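Trainee: Could you take one residue of this model and look at it closely, and then set it within the whole chain?

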Amino acid sequence: MSARDTIYLDEDKVAPFVFDERVAAVFEDMINRSVPGYATIVGMIGTLAQRYAQPDSVCYDLGCSLGAASFAMRGQIQAPGCRIRAIDTSQAMLERFGRVLADNPGGVPIELVCGDIMAEEISNASVVVLNFTLQFIPLAQRAALIQRIHAGLRPGGMLILSEKIHFEDPALNQLFIDLHHRFKEQNGYTQTEISRKRAAIENVLVPETLRAHEQRIRAAGFASCAVWFQCFNFASMVAVRQ
Ligand SMILES: C[S@@+](CC[C@H](N)C(=O)[O-])C[C@H]1O[C@@H](n2cnc3c(N)ncnc32)[C@H](O)[C@@H]1O
């Protein structure tokens, strides 16, 4: 486990949230204490990859951060000839990911790419993971990315999309925001930390409704799409290319 996240305990001036060295150093603690079900989702990405990875194909981890989803996939993929391609714009995240990878070699090869997922060519894919990454992509660019993922997946390949979500019903939306904040308090964040983080991430992380995600996924050509996990305002979906 990484160092404890005290970023918004220490900081009173709230700048927009970025995935820099300070965040990378505490990211594992931050995401586990902030995202209900994160460990379950990561574990199940491994389980899904074991079932959907095809021989001699590529499994993509788009917005990989420290590589939790890549390591989960590597631990369970059995199809021969697979490789994992893990991409992130944050050099700080990739340096830490690379160090852990160097200490744990072997198994399915993992390639690290420092770059923008909007510029990454996706081809010969059997599994594509967007684990809490699409929410950071500008709204106007999201459809193009999902279309490219669909085009780059082999028939029978799977997209796994996890996101913070928004609800059309204002009362339900507020209820789930409140419950999420309660979850963070129970995990040791103070109310000041919670409100500072909220201010920092507003306009950086833009959540959408499950309906908007499903419409975009289906419009890109995916024939099947379902939510397989949800806790409060966090959900994970799967979509399969026919
Ligand atoms: C919430 S984190 C993802 C967590 C990670 N997938 C996991 O399972 O632990 C979002 C990541 O997406 C990366 N990111 C955001 N926009 C990106 C882009 N356009 N291209 C590549 N990476 C991006 C950030 O640098 C950050 O590391």
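Mentor: **A close look at Asn 173**

Asn 173 lies in helix α7, which covers residues 170-186; helices here are DSSP runs of H or I with at least four residues, strands are runs of E with at least two, and both are numbered from the N terminus. The model is predicted, so local features need pLDDT of at least 70 and side-chain atom pairs count only at pLDDT 80 or more, while totals for chains, interfaces and linings use all residues. Residues are numbered from 1 along each chain as its sequence is written, and side-chain values use heavy atoms, with hydrogens and water left out.

Asn 173 counts as buried because its relative accessibility is 13%, where buried means under 20% relative accessible area, exposed over 50% and partly exposed in between, with a 1.4 Å probe and protein chains only. Once neighbours within four places in sequence are set aside, Asn 173 is in contact with His 166 and Phe 167, contact meaning heavy atoms within 4.5 Å. For Phe 167, the backbone nitrogen lies 2.9 Å from a polar atom of the Asn 173 side chain.

Turning to the whole protein, there are nine helices and seven strands, and 50% of the 242 residues count as buried. Of the contacts with a separation of 6 or more, 78% are between residues 24 or more positions apart. The C-alpha atoms fill a box of roughly 50 × 45 × 30 Å, taken along the principal axes.

Definitions and conventions
A polar contact is a pair of N or O atoms within 3.5 Å; within protein, one must be able to donate a hydrogen and the other to accept it, and residues adjacent in sequence count only if both atoms are side-chain atoms.
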